[in-house]
Amino acid sequence: MLRAKQISGVCSLTLGNLIKSEYFVPNVIYMQCIRWKRKPIWLPTAKSKMFRVPKRPQIPMNEYLELKRLHNNYRTAMKSLMQHFEKEFLKNQVQFDETIVNKQAEEDFIQCNLINDEWNKKVAKIREARLAKLKEENKELIFKKLIEKEERDLLKMQKIEEHVKKLKEEATTFITAENVDKAIEETLANIVNYEFAIDLKGNIYKGKYTSGKETNVENNKVVSL
């Protein structure tokens, strides 16, 4: 059975009340998994064993020497590891010195400026080429639009001239002060009456002021009434 004990100074009884299931894993960063058989680890020592002095185990000499050798090797390795960490810490202190950091930042800023200037020059060349090409395309487009406008204006002037010519031809039939009497006489001589009716077959039926004839529009026949 596995249980998780939090290494953060929490009371063991409180933690024991929280940890009831073997699948419960607290959401902590530092924890230690401990295995036991019958008695939970957070319970105190039994009264019958509180003042008992355990018997010192008797270890053979060869086994004692081997354990001592392993222990010395472990302490030597841990001491070397701690010295290595101290050296790395001192290197980091020197590396993160304020003057050194500021100097490195200035050098990095200068290098970044040089890279940025070079990139700006490349982009400027590309932009100039693109703008020159766009300028030529705009010139061609404007020239094409001017030609199309001239053609539209020419066509419009032709239509205006044709319309004016037609009006001049029709001007001979206009009623003016000189021919108004003649126009009145012709109008009185040729009276047009629009009072008539047409049935579904196309026959025209005129009124009392007409000539009294029935005209078939489809057959173009005039039938006397």
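I looked up Glu 66 first and found a relative accessibility of 36%, which counts as partly exposed (buried is under 20% relative accessible area, exposed over 50%, partly exposed in between, with a 1.4 Å probe and protein chains only).

The model is predicted, so I note that local features need pLDDT of at least 70 and side-chain atom pairs count only at pLDDT 80 or more, while totals for chains, interfaces and linings use all residues. Residues are numbered from 1 along each chain as its sequence is written, and side-chain values use heavy atoms, with hydrogens and water left out.

Entry: salt bridges. I searched the whole structure and got 4 salt bridges (a side-chain nitrogen of Lys or Arg within 4 Å of a carboxyl oxygen of Asp or Glu).

Entry: Glu 66. I find its salt-bridge partner to be Arg 69, with 2.4 Å between the closest N and O atoms. I place both residues in helix H2, residues 61-95, 3 residues apart, or about one turn of the helix (helices are DSSP runs of H or I, at least four residues, numbered from the N terminus). Arg 69 is also partly exposed, at 41% relative accessible area.

Entry: Glu 88. I find a salt bridge to Lys 91, the closest N and O atoms being 4.0 Å apart. The two sit 3 residues apart in helix H2, about one helical turn. I read 31% for Glu 88, partly exposed, and 53% for Lys 91, exposed.

Entry: Glu 118. I find a salt bridge with Lys 122 at 4.0 Å, N to O. Both are in helix H3, residues 98-170, 4 residues apart and separated by about one helical turn. Glu 118 has a relative accessible area of 47% and is partly exposed.
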